[in-house]
Structures are given as structure tokens and as C-alpha cells.
Amino acid sequence: MFRLALDRFRLRLADSEALAPLVILGVLSGAASGALLISFRAMVEWILSSTVTPTHPEAFETLAWPVRLLLPIGGALLVVLLFARLGSAHVQVGVVHVMERLAYHQGAMPWRNALAQYVGAVIALCSGHSMGREGPGVHLGAAAGSWVGQGLGVPNNSMRVLIACGTAGSIAASFNTPIAGVIFAMEVVMMEYTIVGFAPVIVSAAVAAWMSQAVYGDAAAFAVPALELNSLLELPLIVGCGCAIGLLAALFVRSTATLQRAAVAWPLWRRGVLAGVMMGAAAVVAPEVMGIGYDTVEATLHNRFAISALLLILVTKLVASTICAGLGMPGGVIAPMLFMGASAGAALGLLGQAVAPDLSASPAFYAMLGMGAMMAACLHAPLAGLMAIVELTQNVKLILPGMVCIVSAVLIARSLLRTEPMFIASLKVRGADYVTDPVALALSRSGITSRMNASFKRVTHLPETDEDWAVLNKPSVRWLVHEAGQETRLYLVSPAADGAAPRSAAWQAECLVSAEVSVRATVQEGRERLSAQGAEGLIVRRLDGRVCGVVTAEMLGATSAPKAV
């Protein structure tokens, strides 16, 4: 009974409009990603509080300079040992890995890569490397959603939605920002918006956010006063702030991609040692850049740094984050983006106050704008950047000035400087290209079973007489699946041509060039299989190997392949 219900559930999911089953999966994915993210965050904070920084999980500034120098080096060596143990195939991690698995592997996330991400990110963050927990969180959340789908054997068209659900849940649980999680999943990872896709992703983000709030409370990530724009005369300064952040974002993206390209052929130990040494040196110069750095962002939002200190922290953070991301340390880049955006924005705010003290708003106001603009310009995700700063500060008065600043930054980075989104640039360094063909995306939303025909009969020998056909055609069939040993062939049943030989039957079976496909395949996968095999039809098999249906090129809207001679 359970198996039959599960088969029906899978068949419903093959429909691109299967909203109710997807919402159920969204709940499961949200719970799984939320639990995984809470455990990851708790592990990092527990290790830091119990060993490295007992006073506060991010109080790296309290450490002596020799400790700040050696701690990142030791962490990098541990990461090298871990990755060497796992092997090169299992050390691809982060948001880029999620996008690659989504584009080329139908969202199937290997558990070994998730293990490398979890343990590697814990080591990197606890040893003070200049990275964030959101990139690892996206990987772990996407893996949780993928495992839900793989465990239930859902069709691959639903796996795309589950990856988005896990991604949204991870961002929501990490930041306590459910709306930003939804937008990030759809705008950055999926690069598409669909009505059916939104509902399960929203549910997943809500479930994960509630779980996070149950553990960490519902307060905003950054507690700042309700700052607002003083005067419309500040608009030129806001535009200038956006343009400056756009330049900074382009520098960060391009320098990281350049270093990734240069280091791609280096051995693992060389990259790890260099990352540790350079990060240690940066930590000696400016300890504020160590770790996630949200304590420094909080201090920036409360105007606790002079402009000279902000510039020093900004330059050091840019160098340290570029080195860590470019040399492949298993952490995220979103936290460094927010850190650099806050530092640059606050510095520009202090400059504005020095020039026009009566007109300019507080530097904290520009720091918040800079956070959203930096994230948006680096990722080419303006809506995600805007929603992030609104939810991180729970200040809706940032919306209008945030729009102006974010659009200015994105225009500079994307249109003027022709900078690619950071994750796309990293994918291209790996030799992959994240193609967003709208036709292919539309066909990937439907499962192959939504187009298949179940009017077939499995036979061990072909019928030859009217008597044979009479037995088969009760009820009538359109297809024959001839299974003989290891070979399976597909035959189209049709009335015999007029003038056939007297001994022939009234029906005939025409052999088609065929290929096989899994019941989990999407319509797009079916079309690709037809093209690759030069086939006219596909035999659809269940997960247990049984044939469950037949699909032709016409059913998939594909051009029929030429028949074999």
C-alpha cells in the first residue's frame, strides 16, 4: 500500500503544476536544512567559545599576534589533510558546487562533498580564515533537500525545486532572513522565477527560520537604530556610494577569479599553505578581518571606527577574502561581501559628514546601504541584496535609498565594467558554464512520466498470426516491448498495409530505434537522450528496473530522429 501511494506521489510530481506535493517536500526540505544549519552554526560557536575565543565566538581581536599568525596556518594544514584524505573528486564545495550539480547532475548531491564542506568549513572558520558560513550553509541546505528527493526517488524535475528549498532554508536559518533566503535561491542559484516554485521554497524558508528562531531567538542579525535618509539632497551621495561599491565589487570578483585561474593547477598543499600564511599575515595587520566578522560589522554600524581604521580594515579584508576564496578554502563569500560593503559604506558616510555635516545621514546608514549594494553587485542579485539588508536590520526605511544605491552598484559592476556574477565566474574557471536557456529550463520542470504512454505490452516473442494478435490486443496496445535476454527493443503496433501477404496478420509491429531512460528523468533529459542516441522512442524504466511506459519524439515535442536502416 505504501509503495503504491509513493508511486502515485512520484507520478504527480512529474507534472510541472504539482503544487501540493511540492509544498509537502518543501516542509521536509526546510526541516532538514534548518536542522543541518543549526548544527553547523552550533558546532562553530561551541568550538570557538570553548577553545579559541572563550569571551565571544568572534573575539579574535583578543588573541596575541603570534596566535593570530599561527592559527590560520594550522587550520589550513588541517583542511589540506582532510581534503587529501577525501580525494579530489569529493572536495568541490560551496555554492558553485551546488550550481554545477544542478546544471550537470540533476541536483544529486554526494554526501562525501557535504562532509568535506561541513568539516572543512568548521576548521576554516574556527581557525580565523576570512570567510562566512552562508556558502557552506547553502551547500549543506541544498544537500539536505537533495537527499530528501533522492530518498523518496522523486523525479528530477522536482529535484530542482528541492535544491531551491534547501538553499532558501539554509539562508533563512543562517541569517534569520526568510524572504532573502527565497529570493537568493531563485535569483542566484536557480536564476528563474516560477509561481509553482515559489510556494514550496517559501514554506521551506519559513520552516527553517522558525527552527532557527526557536534556538537563537527572533532578533535581527544586526541591532542598529532606525536610521533614515535626512534629505533628498543626499541622493547624489547615495548614487556615488553605489558607484564606489560597484567598483569594489568588480575588483573583488575579478581578483578572486584571477587567483582561482592561476591556482587551479597548483597542488593542494601549496594552495593550503599559501592561504594559511597570507591569512595569518593579514590577521597580524588587522585582527578584525578574522573569521565571519559580524562583530566588526556590528561595531561599524554603531560608528565605532574612524575613517583611517575603516580603510585599513577594508583593504585587509579584501586581500584576505580574495586569498581564501581564490585558493579554495571551504568557506563562503557572502559574509566578506557584507563586511566590505559595510566598511566602504561607513567610510563614505564619514566623508559625507565631513563635507556636509548638516545634510548627510549617519555613517551607519551608508554602511547598511553598502552591505546590500556589495552583495547585489558581486552576485548580480539586486533584489536579494535589498531584501537582505531590510531583514538583517528590520528597517524598512532602507528600501528606497537601498534601491538607488544597489542599482547604481549593479550598473557599474555589470554594465560598465562587464563583470560576471561571482559564482558564474568561478564556474567558468572550472571549465563549466551555467547555461540558462529558457526552453531547456521549461522542459526541465516536467518529468518524463507526464508525457509517457502506458499502452504497451512486454513480450518475449513477436506475434505472427491473427490469433497471436487477438491475445495481445485485449485491451488494445500501441507498443510492444520485446525483452530477449539482455536486449530490449521497442515496436510500434499499427494495422497491416493493404495488399500484404495472405499469411500475414491484420496487425504489424515496426521496430523503432530506441533508448532507455529512468522514470526520474525530465522531459529535457528525454529530448537530450533521443538526440544523443539518434532514437525515435524511449523505454521508461522504474527504479526497480521494470518498464513502465513508452515515450516518442513526438510526445516530447522533439524532431523525430531518422530511422536506422
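How many disulfides does the count come to in this protein? The count comes to zero. The model under discussion is predicted. Cys243 takes part in no disulfide, and the nearest cysteine sulfur, belonging to Cys405, lies 8.7 Å away; a disulfide requires the two sulfur atoms to be within 2.5 Å. Cys511 is likewise in no disulfide, with the sulfur of Cys548 as its nearest cysteine sulfur at 20 Å. Cys243 is partly exposed, at a relative accessible area of 26%, and Cys511 is partly exposed as well, at 40%.

**Overall architecture**

The protein contains 21 helices and seven strands. Its C-alpha atoms fill a box of roughly 100 × 55 × 45 Å along the principal axes. Of its 565 residues, 56% count as buried. Among contacts between residues at least 6 apart in sequence, 73% join residues at least 24 apart.

**Nonpolar cores**

In soluble globular proteins, nonpolar side chains tend to be buried together. The largest nonpolar core here has 147 residues, of which Phe184, Met371, Met374, Leu379 and Phe423 touch the most other members. Helix H15 (residues 363–379) supplies the largest share of this core, 14 residues. Beyond its neighbours within four places in sequence, Phe184 is in contact with residues including Val138, Ile171, Ile334, Met375, Leu379 and Phe423. Another core, of 16 residues, lies apart from the largest one and has among its members Leu443, Ile448, Ala535 and Ala553.

**Salt bridges**

A search of the whole structure yields seven salt bridges. Three of them are set out below.

| Acidic residue | Basic residue | Closest N and O atoms |
|---|---|---|
| Glu483 | Arg541 | 3.9 Å |
| Glu487 | Arg489 | 2.9 Å |
| Asp544 | Arg546 | 2.9 Å |

The pair of Glu483 and Arg541 links distant parts of the chain: Glu483 belongs to strand E2 (residues 479–484) and Arg541 to strand E6 (residues 537–541), with the two positions 58 residues apart in sequence. Glu483 counts as partly exposed at 28% relative accessibility, whereas Arg541 counts as buried at 17%. Both residues also belong to a network of salt bridges that includes Glu516.

The other two pairs can be described through their accessibility. Arg489 is partly exposed, with a relative accessible area of 36%, and Glu487 is partly exposed at 42%. Asp544 is partly exposed at 41%, and Arg546 counts as partly exposed at 42%.

**A buried arginine without a salt bridge**

Arg133 is situated in the loop between helix H5 (111–126) and helix H6 (134–152). The residue is buried yet has no salt bridge, the nearest side chain of opposite charge being that of Glu134, 4.3 Å away. A salt bridge requires a separation within 4 Å. The Arg133 side chain does make a polar contact with the side chain of Ser174, at 3.3 Å. Leaving aside neighbours within four places in sequence, Arg133 is in contact with Phe40, Arg41, Leu125, Ser174, Ile292 and Tyr294.

**Positive phi angles in two loops**

Gln394 is not a glycine but has a positive phi of about 50°. Its place is in the loop between helix H16 (382–393) and helix H17 (399–416), and Gln394 is exposed, with a relative accessible area of 55%. Arg418, also a residue other than glycine, has a positive phi near 55°. Arg418 lies in the loop between H17 and helix H18 (422–429) and is exposed, with a relative accessible area of 68%.

How values were computed
Residues numbered from 1 in each chain as written. Predicted model: local features only at pLDDT ≥ 70, side-chain atom pairs only at ≥ 80, totals over all residues. Heavy atoms only, no water. Helix = DSSP H or I, 4+ residues; strand = E, 2+ residues; numbered from the N terminus. Buried < 20%, exposed > 50% of the residue type's maximum accessible area, 1.4 Å probe, protein only. Lys, Arg positive; Asp, Glu negative; His and termini not counted. Polar contact = N/O pair within 3.5 Å; in protein donor to acceptor, adjacent residues only side chain to side chain. Contact = heavy atoms within 4.5 Å. Core = buried A, V, L, I, M, F, W, Y, C linked by side-chain atoms within 4.5 Å.
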